Amino acid sequence: MSAQQNVAKINISGKIIDSQTGEALNQATVRVQILPDSVMLGGDVTNQNGFFEIPVRRTGNLIINISYMGYTNIIKPFTLKQGETNYNAGVIKMEKSARLLKEAVVEEQIPPVVVKEDTIEYNVDSYKMQANSVVEDMLKKLPGVDIDSEGKVTANGKEIKKVYVDGKEFFGNDPTVATKNINTDIVEKLQVIDKKSDLALLTGIDDGDDETVINLTIKKGMKKGWMGNILGGYGYAEEHPDRFEASTMVNRFEQENQYSILGGANNINNQTFTDKGGGIFSGSNMRGSRSSGGAGSGISTAGSAGANFNVGKNDHFRVGGNLFFSAKEQDENQDIYRENILQDSSTYYNSNTIGYNRSRNFSSDLKMEWQVDSLTKVELQPSFGYNKTYTNEHSEFLTSDELVEMADWRDYDGDYVNKGTNHREMDMHGANYSMRANISRKSASKP
């Protein structure tokens, strides 16, 4: 894949018309891609006058890919040079692809990508996926989408912080719950949406608080009964304690209602899912406050459980939210042996640290929407989080001018640069609670 270039925004524009009538083609899909890997840099649909405009931040050899139902696709190559601010592709003529046949069978062919104003829509069946693939596997195939080692997703440079299922929030602000657990064989379309804030959607006034989200639409045939997956593994070695990992997720999608349950446990330092209460002590700068879901030093045993639901009628009353609980215990036994080489001598550093960390976290985020009548709407969003962390750590250290045997440094009684012990014990807990309420009423006389 070509390396990203740090260049100023360049506007690519043009006009699409019918080659025979000269009429402007409205809603034609236009994509700009880079050669040779065809990564999509941006897209647009033509307006009623056939015009399009796509901003990009890349120079080099590119193509304009144009598609419109009933017309032959057009691929137009061009080159952008450093310092350019605009590129006008001019008037592009499209030819109708209709053929006169004695007998024909018309088959609908859904394009793999469709650009609709603030939404890029991917047809899942257009991508060849292996059995039991999850959404994260598909995201790795999509142009303009990146996933780091921790599962964080970015689309066109913007971080994805929420995943929706059929337009409804799925496990709050932890998109990895969906991307790592929902199988692609139940998903019909994956949409990347530049979504305005709830307040902007309500008032019609853009407050600038936009976010990029992913919405998964479930196939109609999959909205029956319960579905899910179970994962388990066990290992044994004489020099290590038994190792295990187990996890499960169960979903039910029916009409407008959704129910999901998940849980997991392991002692192989794997993160379960986001520890939503673990950030309470994050500002303390204390090593013992590591209570998040990721593993630190040592061996950790972690377990978690969560539930998500969204029920009701969109035009009357809906209630939804999620509940999380996680527990983690971590043991650490660390030895350090280091030689510091100076200009005319050396010093030798030895240390041993034994630590134990335990955390318990619970969080809940709920949302209630009540459409009182056609003009009045009430929204309530309560949230609660609780975290409890206990840490006990003991360390010994010695820096000396002579090499000390690894097994004997604690009993060393010769000359030394420094020697000492540290012991720390902390028992902390914290809670947070918030309630957001919004009551709105539209004007009947001035809509």
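**A walk from strand β9 to the surface patches**

Let's start at E121, which is buried at a relative accessible area of 9% (buried is under 20%, exposed over 50% and partly exposed in between, with a 1.4 Å probe and protein chains only). Please keep in mind that this is a predicted model, in which local features need pLDDT of at least 70 and side-chain atom pairs count only at pLDDT 80 or more, while totals for chains, interfaces and linings use all residues. Residues are numbered from 1 along each chain as its sequence is written, and side-chain values use heavy atoms, with hydrogens and water left out.

What does E121 form with K189? The two make a salt bridge, with 3.4 Å between the closest N and O atoms (a side-chain nitrogen of Lys or Arg within 4 Å of a carboxyl oxygen of Asp or Glu). Because E121 sits in strand β9 (residues 119–123) and K189 in strand β15, this pair ties together parts that are 68 residues apart in sequence (strands are DSSP runs of E, at least two residues, and helices are runs of H or I, at least four, numbered from the N terminus). In contrast to buried E121, K189 is partly exposed at 25% relative accessibility.

Both of these strands belong to an open sheet. Its six strands follow the order β8-β9-β15-β16-β13-β14, and the pairing is mixed (two strands pair if DSSP finds at least two bridges between them). At the edges stand β8 (113–116) and β14 (168–169), each with a single partner strand, so one side of each lacks a neighbour in the sheet. As background, strands of a sheet pair through backbone hydrogen bonds, either parallel or antiparallel.

We can now step across the sheet, beginning at the β8 edge. Strands β8 and β9 run antiparallel and are joined by four bridges. V115, a residue of β8, stands opposite I120 in β9. V115 is buried, with just 3% relative accessible area. Its C-alpha atom lies 6.4 Å from that of T29, although the two residues are 86 apart along the chain.

Further across comes β16, which has a partner on either side in the strand order. Strand β15 (residues 187–195) pairs with β16 in the antiparallel sense over eight bridges, and here K195 is found opposite E211. With β13 (residues 163–165), β16 runs parallel, and three bridges join the two; Y164 stands opposite N215 in this pairing. How many of the eight residues of β16 are buried? Seven of them are, so strand β16 (residues 211–218) is largely enclosed by the rest of the structure.

Back to charges for a moment. Side chains of opposite charge can pair when their charged atoms come close. The whole structure holds 13 salt bridges, and two others are worth a visit. E136 and K180 meet at 3.1 Å, N to O. Since E136 lies in helix α1 (residues 135–139) and K180 in the loop between α2 (176–179) and β15, the pair ties together parts that are 44 residues apart in sequence. E136 counts as buried at 11% relative accessibility, whereas K180 is partly exposed at 38%. The side chains of E169 and K162 also form a salt bridge, at 3.3 Å from N to O. In that pair the acid E169 is partly exposed at 27%, and K162 is buried at 16%.

A short stop elsewhere in the chain brings us to G42 in strand β3 (residues 39–45). G42 is buried at 14% relative accessible area, and its C-alpha atom is 7.0 Å from that of P55, a residue 13 positions away in sequence.

Finally, the surface. A nonpolar patch of about 720 Å² is built from L323, F325, F362, L366, F384, Y386, Y433 and M435 (patch residues have over 30% relative accessible area and no salt bridge; like charges are joined within 9 Å, and nonpolar side chains, Val, Leu, Ile, Met, Phe, Trp and Tyr, within 5 Å; areas are Shrake-Rupley values with a 1.4 Å probe). Strands β21 (317–341), β22 (346–371), β23 and β24 each give two or more residues to this patch. F362, for example, lies in β22 and is partly exposed at 31%.

A second patch carries negative charge and gathers E405, D408, D411 and D413 (Asp and Glu count as negative, Lys and Arg as positive, and His and the chain ends are not counted; a charge is placed at CG of Asp, CD of Glu, NZ of Lys or CZ of Arg). D408 lies in the loop between β23 (376–400) and β24 (416–441), and is partly exposed with a relative accessible area of 44%.
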